[in-house]
Amino acid sequence: MAACLEFENILLVTDSYKVSHHRQYPDGTSTVFSYFESRGGKFPEVCFFGLQYIIKKWLLGKVVTEEKIQEAKSLYKLHFGSEIFNEEGWRYILEEYDGHLPIRIRAIPEGTVVPVKNVLFTVQNTDSKCFWLTNWVETVLVQCWYPTTVATTSRAQKQIIAQYLSETADSLEGLPFKLHDFGFRGSTSVESASIGGAAHLVNFCGTDTIAGIVMARNYYGCEMGGFSVPAAEHSTITTWGKDGEVDAFRNMLLKFPTGIMACVSDSYDIWNACTNIWGQQLKELVVSREGKGTLVVRPDSGDPPKVVVKVLNLLGKAFGTVKNSKGFHLLPPYIRIIQGDGISYETLGTILENMKRNKWSADNIAFGSGGALLQKMDRDTQKFAYKCSYAVVNGKGVNVFKQPITDLGKKSKKGLLSLELDDQGNYCTVQEGKGDPDKDLLVTVFENGKLMKEYTFDEVRKTAEIPIVRQKASH
């Protein structure tokens with residue numbers, strides 16, 4: 001058998017056509033400067049996250065070795081049928097820099113929320129012989145689109161929930177646990193689940209995606225980034241049989257008598273489960289959790305806005321309610337619900353609005369989201385792009401840009417770039433090298449194989465926090 005390819009080889013982590021690009025720049029090119037931005041999309045701003053993971057995984061330290069050069073040389077000869085691989089360039093990096101990449105990456109602090117059409121990070125070579133390297137790493141660096149898009153989508157949902165809590169609840173205390181990550185099994189790989197799962201944890205503390213916790217720990221120094229509770233799935237309930245559903249529910253209450261416990265309740269008849277099983281047959285056991293824990297009833301089918309309100313009405317009738325200071329109904333603290341089916345940015349507001357219309361506080365519910373949270377997006381959701389904006393050719397600086405006549409939305413920025421705050425305190429990308437270095441918000445995070453700035457997960461979370469929470473915290 002042929003030897004297994006070492007996939008974690010930066011010489012192989014690029015698009016095929018880039019292997020030929022070292023021959024395509026003008027003679028005398030010594031510097032290539034590129035940048036990454038969201039050109040627009042679903043949300044007017046993005047929450048930047050994930051670059052540190054990419055740097056640590058792919059770029060940090062000695063990433064070029066003789067073995068990797070030979071592996072790439074052999075692969076590309078088979079792939080292209082000719083010798084176009086830049087063996088000389090990679091061996092220069094190995095010999096001159098001991099395999100460390102001579103590039104500089106400057107970026108905004110992770111967790112920063114920036115309006116679209118602004119520079120998020122820049123890349124340039126630090127050795128004139130390695131001008132081709134700036135855009136070689138484009139492929140892997142652009143994958144920052146994914147954690148940034150997940151963090152952006154998750155944060156937008158946090159804003160929706162926070163708004164309804166502000167309108168219908170007495171506090172925002174429960175907000176960090178209002179959107180739970182159910183997305184592990186729906187992800188394309190364990191790695192994507194880890195990246196997306198960690199991105200969600202920038203905004204929330206509830207998750208069942210253990211891979212995300214591991215990523216936050218390994219790459220952002222967070223000992224424990226997310227929490228979960230004992231919870232039933234349909235198999236653990238339906239193996240008791242339809243006639244044994246009450247016994248399955250009783251078993252959950254007895255095996256997990258304290259703390260929060262979630263029980264899926266729609267295996268057969270959610271209305272019967274709420275009215276008769278929870279509300280009558282097991283009512284005494286449920287009530288006995290007061291002061292010790294909470295039963296979380298989980299409907300998992302039907303039309304979410306209608307099902308949620310009907311479940312609340314049935315549980316309210318069975319267990320009673322109180323009115324909070326804003327006049328909205330609240331179930332007793334020992335019982336709540338979680339809606340984990342059909343949850344997305346588009347549906348959250350509809351569910352919460354129907355609850356509000358029916359005088360139910362948003363404090364009664366938590367949400368679980370899977371595919372929509374980690375998978376229902378692509379690079380074009382926020383139109384992410386990495387483009388060259390400046391080069392030095394024969395000692396002369398050149399402002400580089402594209403401006404397609406067929407799509408002016410793809411017009412790129414010119415020259416050396418910086419990100420600054422304007423006189424009104426708004427983010428502004430300054431082009432053509434006209435920025436003030438003292439005002440530039442971009443920070444050097446990587447240079448010549450070394451991590452120059454490292455962010456903790458706590459720092460990222462604080463930077464990304466939504467304004468309404470900051471305001472409440474300051475009161």
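Let me start with a pair of strands: β3, residues 103-107, and β5, residues 119-125, run antiparallel and are joined by five bridges. Within that pairing, Ala107 has Phe121 of β5 as its bridge partner. I should say at once that what we are looking at is a predicted model, and everything that follows should be heard with that in mind.

Stepping back from this pair, we find an open sheet of seven strands, with antiparallel pairing, and its order reads β14-β13-β1-β5-β3-β17-β18. The edges of that sheet are β14, at 396-399, and β18, at 450-451, each of which pairs on one side only. As a general reminder, strands of a sheet pair through backbone hydrogen bonds, either parallel or antiparallel.

Let me turn now to the pockets. The largest pocket holds about 1,100 Å³ of space. Its lining comprises 40 residues, and those closest to its centre are His180, Phe182, Val229, Ala262 and Ile338. As for the elements that give two or more residues to this lining, they are β6 (179-181), β7 (259-264), β8 (293-298), β11 (335-339) and β12 (365-369).

Finally, the surface. Phe177, Met224 and Phe227 form a nonpolar patch there, and together they have about 290 Å² of accessible area. Of these residues, let me take Phe227, which lies in the loop between α8, residues 210-220, and α9, residues 234-238. Why does Phe227 count as partly exposed? Its relative accessibility is 44%, and the partly exposed class runs between the buried limit, under 20%, and the exposed limit, over 50%, so Phe227 belongs in that class.

Definitions and conventions: Residues are numbered from 1 along each chain as its sequence is written. This is a predicted model: local features need pLDDT of at least 70, side-chain atom pairs count only at pLDDT 80 or more; totals for chains, interfaces and linings use all residues. Side-chain values use heavy atoms; hydrogens and water are left out. Patches are made of residues with over 30% relative accessible area and no salt bridge: like charges are joined within 9 Å, nonpolar side chains (Val, Leu, Ile, Met, Phe, Trp, Tyr) within 5 Å. Accessible areas come from the Shrake-Rupley method with a 1.4 Å probe; for residues, only the protein chains shown count as cover. A salt bridge is a side-chain nitrogen of Lys or Arg within 4 Å of a carboxyl oxygen of Asp or Glu. Helices (H or I, at least four residues) and strands (E, at least two) are DSSP runs, numbered from the N terminus. Buried means under 20% relative accessible area, exposed over 50%, partly exposed in between (1.4 Å probe, protein chains only). Two strands pair if DSSP finds at least two bridges between them. On a 1 Å grid over the protein atoms alone, a cavity is a set of points where a 1.4 Å probe fits but cannot get out, and a pocket is an open set with protein on both sides within 12 Å along at least five of seven lines; lining residues have an atom within 4 Å of a point. Grid points are joined across faces, edges and corners, and a volume is the space filled by probe spheres set on the points.
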